[in-house]
Amino acid sequence: MFDSRGHSQLPSPPREVAGLWVVFADREGDADATIERLIRDNSAPRRLCVVSSDHRLQKAARRRRGMFLDSDAVLQRLE
């Protein structure tokens, strides 16, 4: 999820870029708020894994019993 200003759809449809699925935030441009909404509205939140170092997003995932990984931990695994 990426911040976006003035994107026409709310949020953008996912598109694959270099093997990753990319989504731009809604018109407000706040990716964190969009991710929180996606977590809240997901019908199977226990199957989610949020990758973020943002404690607000980690808390949102935990609240719905989803998983989360810290961004630094993911980068270390990829290296």
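The following exchange concerns salt bridges and helix packing in a predicted model.

Student: How many salt bridges does a search of the whole structure find?

Tutor: Side chains of opposite charge can pair when their charged atoms come close. One pair is glutamate 36 with arginine 56, and another is aspartate 41 with arginine 40. For the whole structure, the number of salt bridges found is two.

Student: Which helices hold glutamate 36 and arginine 56?

Tutor: The closest N and O atoms of glutamate 36 and arginine 56 are 2.8 Å apart. The pair links distant parts of the chain, 20 residues apart. Glutamate 36 lies in residues 31-41 and arginine 56 in residues 55-63, which are helix H1 and helix H2.

Student: Is arginine 40 buried or exposed?

Tutor: Arginine 40 pairs with aspartate 41, with 3.4 Å between the closest N and O atoms. Exposed means over 50% relative accessible area. Because arginine 40 has a relative accessible area of 51%, it is classed as exposed.

Student: Are H1 and H2 roughly parallel or roughly antiparallel?

Tutor: Two packed helices are described by the angle between their axes and the distance between the axes. H1 and H2 pack at an angle of about 5°, and their axes are 10 Å apart. That angle makes the arrangement of H1 relative to H2 roughly parallel.

Student: How many residues of the contact of H1 with H2 are charged?

Tutor: H1 contributes residues including Asp32 and Glu36, which meet H2 residues including Arg56 and Arg63. The contact also has six nonpolar residues and no polar ones. The number of charged residues is four.

Terms used:
Residues numbered from 1 in each chain as written. Predicted model: local features only at pLDDT ≥ 70, side-chain atom pairs only at ≥ 80, totals over all residues. Heavy atoms only, no water. Salt bridge = Lys/Arg side-chain N within 4 Å of Asp/Glu carboxyl O. Helix = DSSP H or I, 4+ residues; strand = E, 2+ residues; numbered from the N terminus. Buried < 20%, exposed > 50% of the residue type's maximum accessible area, 1.4 Å probe, protein only. Axes fitted to C-alpha atoms, helices over the stretch in contact; angles between N-to-C directions. Parallel < 35°, antiparallel > 145°, perpendicular 65-115°, else oblique. Contact = heavy atoms within 4.5 Å. Nonpolar A, V, L, I, M, F, W, Y, C, P; charged D, E, K, R; others polar.
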